Amino acid sequence: MAKPQESSRIPSCDDYFEGIQSRKKIPYALQESLTKAFEKIPVSSFPEVPGGKVIEIASDASIADAVRILSGHNITSAPVTTPEALNSTDWKERYLGIIDYSAIILWVLENAELAATALSAGTATAAGVGAGAVGALGALALGATGPAAVAGLAVAAVGAAVAGGVAIEKGMGKDAPTAANNLGDDFYNVLLKEEPFKSTPVGSIVKSFRWAPFLPVTPDSSMLSVLLLLSKYRLRNIPIVEMGKPTIKNFITQSAVVKGLEQCKGRDWFDCIAAHPISDLGLPFMTYEEVICVKSDDLVLEAFKRMKDNKIGGVPVVEEPGRKIVGNLTIKDIRFLLLQPDLFSNFRQLTVMDFMRIISSTNQDDGVKVFPPITCTLEVNLGSVIEALSSKSVHRVYVVASSESEVVGVITLRDVISCFIFEPPQHFDNYFGSAMKEMLTN
């Protein structure tokens, strides 16, 4: 078995979608009829979010509070509001963007990497670091936001490490796991348990650490547009707004769409696709060589970094020789590292397997669901895959060789949505204009 590659392999939106169209084995006539049908369905027909109210996070809430809100409501993302514009009648003034676990991972790892790079400069003086370094609150008080604030936060972390007696001459690495391993406990006290994690507001990072634009649609937009944004264009959620009204009316996610598809069981158009084995339909679209894996003895911080670098929401945990799947790590799992660092006696050197064992044993009595990897073989039908994604509330099913449980592919929510549709010529030029298409592509 070839060793999983660790470099970033992020295809462009067009490359991904064109690749899927070439691999799909669903009759074109059927895809065309489904695409036209979704084009006629307005977004307003989609069910409302549970409870009928979109969960929002204020921009002055701390990162720690944001993680608690996301975890408490079992969601991965939420729109961020500006307190100063709560009385505005324009949603453009009310919302800064969307915060999710991916943004938080980016922020945490960026701090670690910047700190490691600074320490590699050779001396504390050269790195501009010392006991009197500008801290997180100081950077924010000076009005620094975005990348500038992050740089200041990293300096605060490095300052604490140096003040705590960490010698520059020890030879610091430039990657987050190596930095974490060498910086010592003081680094984590600053980064996670105390400052800046405890006090940094969501608004200071939401625009600099997003994977996708904040792109709302209106109730009369087509469901085809939403499906394309969620599949081809990699968006994780689509806010629904009404022109002239200040608040988000609805919030459509990939998971919600897949649950909607699962409820279509019994309809002819769904059953004629769902009954086919996934191999007959060309699935999995992501092959053995393209699946990003982590090994059970990798550092858990390296696993989160790999997700960040490859812009993916989860990875299978495998053991060698071969790629026998033994676990599943997702973006949401970082909440355990951020909110419960006291559970880990030495998580600077915590492996993926140890991390999974700790969260599984610790949270059994807390009602926190920690799912094992969901797998299937090439012989199962698409309906079974959709049912698993919907009922287990997971975002990916790993395809395994039935004999050894070795990972041979993966089917994501994005793949499932892409099965049913294609993008008509000039679709977004007609609906959103060329400027929006350019923003999505970039």
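Mentor: Let's start with the surface: the protein chain exposes about 19200 Å², and carbon and sulfur atoms supply 51% of that area. Keep in mind that we're looking at a predicted model.

Trainee: Okay, and how much of the protein chain counts as buried?

Mentor: Of its 442 residues, 52% count as buried. Buried here means under 20% relative accessible area.

Trainee: What is the chain built from, in helices and strands?

Mentor: You'll find 19 helices and 12 strands in the protein chain. To see how the chain folds back on itself, look at contacts with a separation of 6 or more: residues 24 or more positions apart account for 70% of them.

Trainee: How do I read a nonpolar core? Which residues touch the most other members of the largest one?

Mentor: General idea to begin with: in soluble globular proteins, nonpolar side chains tend to be buried together. In this model, the largest nonpolar core has 53 residues, and I252 and F420 touch the most other members. Helix α10, residues 223-230, gives the largest share of this core, seven residues.

Trainee: And what does I252 touch?

Mentor: Leaving out residues up to four places away in sequence, I252 touches V43, F46, M223, V226, L230, R236, N237, I238, I240 and V257. There's also a second, separate core of 38 residues, with I63, A78, I104 and M353 among them.

Trainee: I63 sounds like a good place to zoom in. Which residues of helix α3 are buried?

Mentor: Here's the general idea: an α-helix has 3.6 residues a turn, so residues three or four places apart point the same way. In α3, which runs over residues 63-72, the buried ones are I63, A64, A66, V67 and L70. They span an arc of only 160 degrees around the axis, so they sit on the same side of α3.

Trainee: What happens at the start of α3, and what comes just after α3?

Mentor: At the start, a side-chain oxygen of S62 comes to within 3.0 Å of the backbone nitrogen of D65. Just after the helix, N74 takes a positive phi of about 55 degrees.

Trainee: Now salt bridges. How many are there in the whole structure?

Mentor: A search finds 10. When you read one, check where each partner sits. Take R23 and E290, whose side chains meet at 3.4 Å, N to O. R23 is in helix α1 (residues 13-23) and E290 is in the loop between β6 and β7, so this pair ties together parts that are 267 residues apart in sequence.

Trainee: Are R23 and E290 buried or partly exposed?

Mentor: R23 counts as partly exposed, at 32% relative accessibility. E290 is partly exposed too, at 32%.

Trainee: What about K232 and E423, how far apart are they in the chain?

Mentor: Their side chains meet in a salt bridge at 2.5 Å, N to O. K232 lies in the loop between α10 and β4, E423 in the loop between α17 and α18, and the two are 191 residues apart. Both K232 and E423 are buried.

Trainee: Where is the salt bridge between E302 and R306, and how many residues separate the two?

Mentor: That one is inside helix α13, residues 300-310: the partners are four residues apart, so about one helical turn separates them. Their side chains meet at 3.7 Å, N to O, and both residues are buried. D298 joins in as well, since D298, E302 and R306 are linked in a network of salt bridges.

Conventions
Residues numbered from 1 in each chain as written. Predicted model: local features only at pLDDT ≥ 70, side-chain atom pairs only at ≥ 80, totals over all residues. Heavy atoms only, no water. Core = buried A, V, L, I, M, F, W, Y, C linked by side-chain atoms within 4.5 Å. Buried < 20%, exposed > 50% of the residue type's maximum accessible area, 1.4 Å probe, protein only. Contact = heavy atoms within 4.5 Å. Areas by Shrake-Rupley, 256 points an atom, 1.4 Å probe, with all protein chains shown as cover. Salt bridge = Lys/Arg side-chain N within 4 Å of Asp/Glu carboxyl O. Arc of directions from axis to C-beta. Polar contact = N/O pair within 3.5 Å; in protein donor to acceptor, adjacent residues only side chain to side chain.
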